[in-house]
Amino acid sequence: MSVPHDFNPRIAWTGNRGDGTARYLGYDRTWSIETPGKPVVRCSNDPRLGGDPALHNPEDLLIAALSACHMLWYLHLASAAGIAVIAYADDPLGHGESTPDGAGRFVGATLRPTITVPRGTDLALADSLHGEIAPVCFIARSVKFPLRYAATYVDA
């Protein structure tokens, strides 16, 4: 039996320079995520579309969410398999495309975690855990583009 989950972040546009959207180039593409009880996250549009390159954009957030969900499941499965993960960092890469009219989409993503484990760890087992995650990760189950994994392992 499925259990419903609700998530309630508030998205608030912060880019009104005084005239709202009266002119296309007269407003900022900035916004914030205001989730009750959590720090505010300032965001913007992709810089290619007039956004602030110093702020997170929706595409960054989607790939980061995918990577974080994968990491949390990996840590869980590693612990259950008796694999001690000492450190985990990912440099995920989202693969997108845009059409001439500006419409875009993700066509794939590659997660590229560097995982530190104690010397002597069964790396074949450690690597096999990645294949168990997509069927259970909330975010991975929700996207329609292919997801690949290219993990690197480091001995502690």
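How do the residues lining the largest pocket divide into nonpolar, polar and charged, and how many fall in each class? The structure in question is a predicted model, and the count comes out at six nonpolar, five polar and six charged residues.

To start with the pocket itself, the space inside the largest one comes to about 400 Å³. Its lining is made up of 17 residues. Nearest the centre of this pocket sit Asp 46, Arg 48, Glu 59, Gly 96 and Ser 98. As for secondary structure, α1, β5 (93-98) and β6 (104-111) are the elements that each put two or more residues into the lining. Strand β5 gives the largest share, with five residues.

The second largest pocket has a volume of about 190 Å³. Its walls are formed by Phe 7, Asn 8, Pro 9, Thr 35, Lys 38, Phe 138 and Ile 139. Sorted by class, that makes four nonpolar, two polar and one charged.

Away from the pockets, there is an open sheet of three strands to look at, with the order β4-β7-β9 and mixed pairing. The edges are taken by β4 and β9, each of which has a single partner strand, so one side of each goes without a neighbour in the sheet. On average, neighbouring strands here are turned by 15° against each other, direction ignored.

In general terms, the strands of a sheet pair through backbone hydrogen bonds, and the pairing can be parallel or antiparallel. Both kinds turn up around β7. On one side, strand β4 (residues 87-90) runs antiparallel to β7, and four bridges join the two. Within that pair, Ala 87 has Thr 116 of β7 as its bridge partner. With strand β9 (residues 152-155), β7 pairs in the parallel sense, again over four bridges. Here Thr 114 stands opposite Thr 152 in β9, while Ile 115 faces Tyr 153 of that strand.

Is β7 (residues 113-117) mostly covered or mostly open, and how many of its residues are buried? It is mostly covered: four of the five residues in β7 are buried, taking buried as under 20% relative accessible area.

Helix α1 (residues 58-80) links the two parts of this description. The helix lies across β4, β7 and β9, and runs at about 160° to β4. As noted above, α1 is also one of the elements that give two or more residues to the lining of the largest pocket.

Note on methods:
Residues are numbered from 1 along each chain as its sequence is written. This is a predicted model: local features need pLDDT of at least 70, side-chain atom pairs count only at pLDDT 80 or more; totals for chains, interfaces and linings use all residues. Side-chain values use heavy atoms; hydrogens and water are left out. Buried means under 20% relative accessible area, exposed over 50%, partly exposed in between (1.4 Å probe, protein chains only). Two strands pair if DSSP finds at least two bridges between them. Axes are lines fitted to C-alpha atoms, for helices over the stretch in contact, and angles run from 0 to 180 degrees between N-to-C directions. Contact means heavy atoms within 4.5 Å. On a 1 Å grid over the protein atoms alone, a cavity is a set of points where a 1.4 Å probe fits but cannot get out, and a pocket is an open set with protein on both sides within 12 Å along at least five of seven lines; lining residues have an atom within 4 Å of a point. Grid points are joined across faces, edges and corners, and a volume is the space filled by probe spheres set on the points. Ala, Val, Leu, Ile, Met, Phe, Trp, Tyr, Cys and Pro count as nonpolar, Asp, Glu, Lys and Arg as charged, and the others, Gly among them, as polar.
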